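Me: I'd like a close look at one part of this protein, the spot where charged side chains link up, and then a walk outwards from there. Could you take me through it in plain bench talk?

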Amino acid sequence: MIGKIRYLIERKKIKEDEILCISFTRDASVNLEKNIKKNYNYNIKVYTFHKLALEILKNENYKISPPDTLEIVVDEYFNNTIFNNKDMIRKVKKIMNKIDTPYINILNSVELINLKKLIITFINLFKTNNYKLDYFLKIKKDKDIISIIIDIYIMYEQELKSDSSIDFNDMISLATTYVKEHKIKDYKYIIVDEYQDTSYVRFLFLKEIINKSNAKIICVGDDYQSIYRFNGCDLNMFLNFKKYFGYTKVLKINNTYRNSQELINVAGDFIMKNKRQLYKKLRSSKRLDKPIKIMYGDNLKKLISIIKLKYKNILILGRNNFDINKYFKINSEGIIDDNEANIKYLTIHASKGLEEDVVIIINLKNDTLGMPSKIKDDKILKYVSTGVDKYPYEEERRLFYVALTRTKNEVYLLVDRKNPSIFVRELIKNYPKYIEYI
């Protein structure tokens, strides 16, 4: 991206303020902006989609609602709003299969907590994917839970309106409408990073800016690393780019400077088991004989002590936030205090875009909360989800690919011998020459 920006400015004589640069996360946008300034002294603002939406809406006097507003509305609904509504209480008890249980006894139940989380997820995806209230009328099944979701959705929208607020999901939709109806700053080029993580509502936003400014768009992304479907991201927006934007020229970046050739041989072949991935022949000048190291058991401290003899910077990755808790206490930044090494723990999702000298992957067991996670989306989410897996554990496979490729050297797998992850069993079966056991 930085090379493209330099080319546009120095060769094409495009002005800095004629380039709109967007990245997916706040950290990524801050780092990219710093690198552009550091390397070439260009003053180019790098936005996230939400930050760009806020910039466009800055004169509209919108107030951003606190992030827990929807959660508060959901609690209010179950704790107070429906307390004397026998019909709604019957529906709630039916959904949770607790028809004969007094409502007061299920208010703090795990089942109700999970139902609340499900409703919050549904409403966020509903708004993220730009559905409107009349969409509910098209849903013919699951009427009990849909009627509850409609009630809560209307309550939530009324709460926002009464406070003259908007939420994060509203920002991009409102900014899209604003762009359509008003004159905005002209851009000649739009450059978007991490485009594999885009959503339909973000596409509509970009499309409206392009329509207004007649800008050319350049998107950078890696379909192997599309791992945010739970946030409304849709890999089809990337795979079918031409369908959405018209004439398209595709350039593949096949060289990697982080991983060894041996590791990307494994990771590249592993990810192509998915049916919806673009083939890329990945190349590297780095060589490592056996880049994957497997240690059976559960002794993470012993594994770290072995690795510390060779590396000072260690990144530990797990499928869930709590995976590290059985081994270490960590601070808010995931740092594990160690006098001899810099050790950090992250979830695999949080590690995307990062790299470290050496990586350890934990929680590699064949379990509901293991890797791959076997938690299935509730069937109700099919109405608002996009890009459903076409192959077993398709997105989990991409997640494991991300984990394997965060390392600049070896990747260490801490494996449950009695119940190993199906992904680990696949590596052992298909790529034995690249694996060393310690």
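**The salt-bridge network and what surrounds it**

Reply: Let's start with the network itself: salt bridges link Lys127, Glu157, Asp167 and Asp170. Keep in mind that this is a predicted model. The background idea is simple: side chains of opposite charge can pair when their charged atoms come close.

Zoom in on one contact of that group. Glu157 and Lys127 form a salt bridge through their side chains, at 2.8 Å from N to O. Glu157 belongs to helix H7 (residues 143-162) and Lys127 to helix H6 (residues 110-128), so this pair ties together parts that are 30 residues apart in sequence. How buried or exposed is each partner? Glu157 has a relative accessible area of 25%, which makes it partly exposed. Lys127 has a relative accessible area of 7%, so it counts as buried.

Now look at the helices around here. H7, the helix that carries Glu157, packs with helix H5 (residues 86-95) at an angle of about 125°, and their axes are 9 Å apart. That angle makes H5 oblique to H7. The crossing of H5 with H7 is left-handed. Asp170 from the network has a residue number that falls in helix H8 (residues 168-181), and H8 packs with helix H3 (residues 49-56) at about 50°, again with the axes 9 Å apart. H3 and H8 are therefore oblique to each other. H3 and H8 also make a left-handed crossing.

There are aromatics to look at too. Ring pairs join Phe122, Phe126, Tyr131, Tyr135, Phe136 and Tyr153 into a cluster. Going by the residue ranges, Phe122 and Phe126 fall in H6 and Tyr153 falls in H7, the two helices that the Glu157 and Lys127 bridge ties together.

How many salt bridges does the whole model have? The count comes to 30 salt bridges. Two further ones are worth a click. Asp269 and Lys273 meet side chain to side chain, 3.0 Å from N to O. Asp269 is partly exposed, at a relative accessible area of 38%. Lys273 is partly exposed as well, at 25% relative accessibility.

The other one is Asp338 with Lys308, a salt bridge with an N to O distance of 3.3 Å. This pair links distant parts of the chain, 30 residues apart: Asp338 is in the loop between strand S9 (335-336) and strand S10 (342-347), while Lys308 is in the loop between helix H13 (300-307) and strand S8 (313-318). Asp338 is partly exposed, with a relative accessible area of 27%. Lys308 comes out at 19% relative accessibility, and since buried means under 20%, Lys308 counts as buried.

While you're at S10, find Tyr345, which sits in that strand. Tyr345 is buried, with a relative accessible area of 3%. Its C-alpha atom is 9.8 Å from the C-alpha of Ile361, a residue 16 positions away along the chain.

Back to rings, this time across the whole model: the count comes to 23 aromatic pairs. One of them is Phe203 with Tyr244, an edge-to-face pair with 5.0 Å from centre to centre and 65° between the planes. Phe203 is in helix H9 (residues 200-213) and Tyr244 is in helix H11 (residues 241-245), so the pair ties together parts that are 41 residues apart in sequence. Phe203 and Tyr244 are both buried.

What about Phe241 and Phe245, are they stacked or edge-to-face? Their ring centres are 4.5 Å apart and their planes are at 25°, so this pair is stacked. Phe241 and Phe245 are 4 residues apart in helix H11, which means about one helical turn separates them. Phe241 and Phe245 are both buried.

Last stop: places where a charge meets a ring. The charged end of Lys280 sits over the ring of Tyr224, 3.6 Å from the ring centre. Arg397 lies over the face of Phe270, and there the distance to the ring centre is 4.3 Å.

Technical notes:
Residues numbered from 1 in each chain as written. Predicted model: local features only at pLDDT ≥ 70, side-chain atom pairs only at ≥ 80, totals over all residues. Heavy atoms only, no water. Phe/Tyr/Trp six-rings, centres within 6.5 Å; stacked < 30°, edge-to-face > 60°. Buried < 20%, exposed > 50% of the residue type's maximum accessible area, 1.4 Å probe, protein only. Lys NZ or Arg CZ within 6 Å of the ring centre and 35° of its normal. Salt bridge = Lys/Arg side-chain N within 4 Å of Asp/Glu carboxyl O. Axes fitted to C-alpha atoms, helices over the stretch in contact; angles between N-to-C directions. Parallel < 35°, antiparallel > 145°, perpendicular 65-115°, else oblique. Left-handed = near helix turned anticlockwise from the far one by under 90°.
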